[in-house]
Amino acid sequence: MPRTAIAALGTYVPERVVTNDQMSGWMDTTDEWIQQRTGIRERRWVEEGVGASDLAFEATKRALAAASWEAGDIDAIVYATLSPDATFPGDACFLQALLGLPGVPALDIRNQCSGFIYGLSVADAWIRCGQYKRILLVGAEVHSTGLDKSNRGRDVTVIFGDGAGVALLEATEDPNRGVLSTHLHADGRYARDLWCEGPGSKLDPRVDGALIPTARYFPKMEGNKVFKHAVVRMPQAVREALKQNGLKVSDIKLLVNHQANLRITEAVQKAMELSDEQMYSNIQKYGNTTAASIPLCLAEAVVARNVQRGDLIALTAFGAGFTWASALLRW
Ligand code: UT7
């Protein structure tokens, strides 16, 4: 049975840098608070009129160039986002059109911060069963247009950033490369602890003047609760993956966890007794980019940590749903 290897990664973030100091001009916050509580120094936000699929398109062009593939080499698109260009259709169709790939299947994944690993799991199953050989896996987000920039939303708004990361996945027969396993979880009892209610099908009409003062169209988060679950679930998911493959923490060359908050990453590192060399963070520059955060971080980390062919990489994420996931792969 073939395995799923990463042929190349590609990333793209908008040029516009938004600093913590700029945010303190719009709401009651400070650079000191944001850095102490989250580690974030700045994030990238799009200019008006740019959607998640535009960021995904730029990241894909870079990945295609890195892999020396043509767009036409892609057999299928799997696209994770919580901030699609439109309510429907999904962003995978918009990206497919930008890439000029009519007829190629385009699947959207709605699993928030865990979306990239959920997508990897689906793509891996397709490749292993032989349905497709070359898959474009995308994580892309534009949060900035959907955030509450008043004091009311300051806990959420300071965290999130825009960006895209993609992986070109290919079937390989090389036993020393590729995805070993993926592990997916969810607990919908916590669905309303991190969510954006509107516009949604339970609201009739979905959008009208009465919705505006309620602010139900902005994301809401029980930050402490999310934090406490995240620091337990991510280590748990990685240990589950290691156990299934008969591997140990010391076998991991690099762990890339969803970049939600630097304090969460530090807690994951401590809980798993990982060294600084086994970890990598770039939330300082980009904030929390949800489905894009793992590929954005992985692309920098493999260079910074000098990851070599065959090295073991662990991925893990936690986010809205609640959903959480892990994957083990050999580079
Ligand atoms: O990616 C999906 C998953 N998301 C996450 O994993 C995020 C998880 N949660 C977190 O990262 C943290 O809970 C936050 C960064 C969101 C908040 O940090 P915290 O240490 O949990 O702070 P808190 O919510 O307990 O708030 C502490 C204080 C409060 O004031 P009082 O009640 O102590 O007077 C907040 O009102 O900080 C206040 N606060 C702020 N102050 C300045 C909340 N947001 C801000 C802000 N600037 N932006």
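**Reading the ligand site and the two sheets**

User: Which of the 22 residues around the ligand come nearest?

Analyst: Among the 22 residues around the ligand, Thr29, Arg37, His258, Asn261 and Asn288 come nearest; a residue counts as near a molecule or strand if one of its heavy atoms lies within 4 Å of it. Keep in mind that this is a predicted model, where local features need pLDDT of at least 70, side-chain atom pairs count only at pLDDT 80 or more, and totals for chains, interfaces and linings use all residues. Residues are numbered from 1 along each chain as its sequence is written, and side-chain values use heavy atoms, with hydrogens and water left out.

User: Okay, and what is a polar contact?

Analyst: It's a pair of N or O atoms within 3.5 Å; within protein, one must be able to donate a hydrogen and the other to accept it, and residues adjacent in sequence count only if both atoms are side-chain atoms. Here, a ligand nitrogen sits 2.6 Å from a polar side-chain atom of threonine 29. Ligand oxygen atoms come in too: one is 2.6 Å from an N or O atom in the side chain of asparagine 288, and arginine 154 offers a side-chain N or O atom 3.0 Å from a ligand oxygen. The ligand taken alone exposes 960 Å², of which the protein buries 74% (Shrake-Rupley method, 1.4 Å probe; for residues, only the protein chains shown count as cover).

User: How do strands of a sheet pair?

Analyst: Through backbone hydrogen bonds, either parallel or antiparallel. Two strands pair if DSSP finds at least two bridges between them; helices (H or I, at least four residues) and strands (E, at least two) are DSSP runs, numbered from the N terminus. In this model, one open sheet has five strands in the order 1-7-6-4-5, with mixed pairing. Strand 1 (3-12) and strand 5 (106-109) are its edges, each pairing on one side only. From one strand to the next, the twist averages 20 degrees (axes are lines fitted to C-alpha atoms, for helices over the stretch in contact, and angles run from 0 to 180 degrees between N-to-C directions). Strands 1 and 7 (residues 163-172) run antiparallel, joined by nine bridges, and alanine 8 faces leucine 168 in strand 7.

User: What about the sheet with the order 8-13-12-11?

Analyst: That open sheet has four strands, again with mixed pairing. Strand 8 and strand 11 (254-257) are the edges, each pairing on one side only. Ignoring direction, neighbouring strands are turned by 10 degrees against each other on average. Strands 11 and 12 (residues 312-319) pair in the parallel sense over four bridges, with valine 256 opposite leucine 315 in strand 12. Helix 5 packs on this sheet, touching strands 8, 12 and 13 (323-330), at about 125 degrees to strand 8. Helix 11 also packs there, touching strands 11 and 12, with its direction at about 155 degrees to that of strand 11.

User: Is serine 114 buried or exposed?

Analyst: Buried, because its relative accessibility is 0% (buried is under 20% relative accessible area, exposed over 50%, partly exposed in between; 1.4 Å probe, protein chains only). Serine 114 lies in the loop between strand 5 and helix 5 (115-128). Its side chain makes a polar contact of 2.8 Å with that of threonine 323. Beyond neighbours within four places in sequence, serine 114 contacts residues including Phe318 and Trp324 (contact means heavy atoms within 4.5 Å).

User: Which side chain does threonine 182 join in a polar contact?

Analyst: That of serine 121, at 2.8 Å. Threonine 182 belongs to strand 8 (residues 178-186).
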